[in-house]
Amino acid sequence: MMKFIRWITALTALAAAVAMAQPADPVARARAILDEIDDLWRGESSRALVAMTVTTAHYTRRLLMEGWSQGKDNSLVVIREPLKERGVATLKTGDSVYSYLPKTDRAIRLTAGMMMGSWMGSHFTNDDLVKESRLSGDYDPVISFEGERGGRRIMEFTLMPRPEAAVVWGKIIIEAHADTRLPIRSVYYDEDGKVARTMTFTNIRSMGGRLMPGLMRVVPADKPEESTELEYREIEFDIPIAEGFFSLANLKRR
Amino acid sequence: MNAFTMALRNILRQRARSLVTIGAMAFAGAIMILYVSLIEGFTDAMVRNMISNSLGDMQIHAKGYLDDPDLYTLVPDPDSLAARLEAKGYHAAPRWYGIGLAASGESSAAVTLRGVDLERERTVTRTHEHVARGRWLDGGDLKGAVIGRRLARTLNVDVGDEIVFLSQAADGSLANDLFIVRGVLKTVSEPVDRAGFFIPRETFTELMLVDDAASEIAVALPSRETRLEAATQEAAALAPGLEVKSWRALSPVMAKMVDTAGAGTYIMLLIVYSAIGMVVLNAMLMNVFERIREYGIMKALGMGPWRVAGLVYAEAALTALIACAVAALGGGALSWWAQTSGIDLSVFGAGEDFATFGGMAFEPVWYARLTPAAVVRPLATLAAVVMIAALYPCVKAAVIRPVEAIHHR
């Protein structure tokens, strides 16, 4: 989820980025925008309080969680509610991902094989949660549409993975408001070119001093009646974070 | 004087030759009886192993579970279904399956969590006998887990060490708990060795939040003589709305192996018996040439070619009959010995107390299985081969021209 926090932050700042650099070549321009996203993610820190609602054919569950991020390497998500799962934490430092289980007072290091597994029963994978999505590094972006669609002026980016990139998606299409550069929708395609999931961003409001979507909803393409919603209750940027905050020792102490 | 009396006299006239021919036939027949019963014993042991290691003779699932196993496609009220099956003489054990992650220290591995009904499972399979180190599960130790042998190596744990288990419960919440390794299994089967994580059923249902419903019910037949098809139908009648499958349907590869093992023995029989056929052909031809003047006189006295042929054929048939009787006794005795004492394969380096074949554990003692088919099949084939080999000498004797035959020297 920290990725999404960053992602949203980054897209919010797109307007400034585009204003600074306006190359004539559309591919270079798209890349410049995505590079700005990557650059903007670096050196940032944030804290957010997010409510997650998961709806599946078998269960509906609500979680409240708190997340911190720093730079591109460190992030931590801690479950606050429900009581049964309170304190369950997922920590990413560098290339390692740990899951801390208060019931057992043990931290498990997640292996590569688990990254596509569901995170906390939601439609997000562990990979979503922790992967540093360096869009311009892993994908070749083009602005595939710019203009009016559905009564709104939008910009559409099409991201194709680079041949050497180890990514899980075959294609990503991102739609954003042309003026505010806020995301509207992103569609993830699998390697066979089929839609795998759709993410929509709504409820745009000012949070942490920035205008951003407060509600994010992901719907898996194979189960359209299921969904996971993330509602941002609070978000702050550029907060001071103590040394050693993103460490296993701190994980157990919390 | 009928053909058989004459044939018997003919056999007795060349005792040494007859003895050699009958001896060769009987020896081949006896060896083939032993061979077929050993093959029967082998395939039977293979099937028994598979069934008693994990599969059971039949399995009952909720419809759709086998295609997409999850925590939501379960057999409701497994205990009363098991009780209904037990009332009919079957043994039935409800089982629970879940997938998750087991971790110890920095190592982790994907595992199949297996909830075990401790009392009922031992009536169906023998997994509880396959503990290499430590002990099998116990109802008094709900956090004690028994794990597969390769899993223990992957996680670098042994009896007494702790393992963290992590999964997703039926309500989507995080299922996690700390287990102590209570036992490590011997080689049982590839999936169990690599990912088997056995815990008591009570622990499973509490951890994974599945109420009174099981992933699977493994069923063992009342006795080895029970017919599988009839039993499958009877079980299906007891489990309305559920999917009942026999081991043949659950493991079609194994079923096919067992079926083709029979065809393989026929090929072996034909190879060995073709040599016997040559011996018979040679002996019969010698007999015919030796008695060519005798046959000539018979024909001159008015005996038709069919009767001459019948005489030779009767001799062949009588030889075969005696040989079969001796082979049945000798082969039966050999097979009986191999069935009761078994052949210890551990001298060939099968190692430990269990050998593996195709990823499955085997006892290193090879037992034959003497079935009626194991006796009848080699003997019937032997008789058939002899009768075919006797055709040429028969025809030879039948078409003899009396004048030439009488002057033959």
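**Chain B, a few labels explained**

Visitor: Why is R95(B) called buried?

Guide: In this predicted model, R95(B) has a relative accessible area of 7%. Buried means under 20%, so R95(B) gets that label.

Visitor: Where does R95(B) sit, and what does R95(B) touch?

Guide: R95(B) lies in strand 3 (residues 91–104) of chain B. Leaving out residues up to four places away in sequence, R95(B) touches several others, including Q59(B), E121(B), T125(B) and E216(B).

Visitor: How do you know that strand 3 of chain B pairs with strand 7 of chain B?

Guide: Pairing takes at least two bridges, and three join these strands, which run antiparallel. One of the partnerships is A103(B) with V164(B) of strand 7.

Visitor: What makes strand 7 of chain B mostly covered?

Guide: Five of its seven residues are buried. Strand 7 (residues 162–168) of chain B also pairs with strand 8 (residues 174–185) over seven bridges, in the antiparallel sense. There, I163(B) has F179(B) as its bridge partner. The two strands form a hairpin with five residues between them, and G172(B) in the turn has a positive phi of about 90 degrees.

Visitor: Why are helix 10 and helix 14 of chain B called roughly parallel?

Guide: Their packing angle is about 15 degrees, with the axes 8 Å apart. Angles under 35 degrees count as roughly parallel, so the label fits helix 10 and helix 14 of chain B. The contact involves, among others, L281(B) and F289(B) of helix 10 and Y392(B) and K396(B) of helix 14.

Visitor: How do the residues of that contact divide into nonpolar, polar and charged?

Guide: Eight are nonpolar, none polar and one charged.

How values were computed
Residues numbered from 1 in each chain as written. Chains lettered and ligands numbered in written order. Predicted model: local features only at pLDDT ≥ 70, side-chain atom pairs only at ≥ 80, totals over all residues. Heavy atoms only, no water. Axes fitted to C-alpha atoms, helices over the stretch in contact; angles between N-to-C directions. Helix = DSSP H or I, 4+ residues; strand = E, 2+ residues; numbered from the N terminus. Parallel < 35°, antiparallel > 145°, perpendicular 65-115°, else oblique. Contact = heavy atoms within 4.5 Å. Nonpolar A, V, L, I, M, F, W, Y, C, P; charged D, E, K, R; others polar. Buried < 20%, exposed > 50% of the residue type's maximum accessible area, 1.4 Å probe, protein only.
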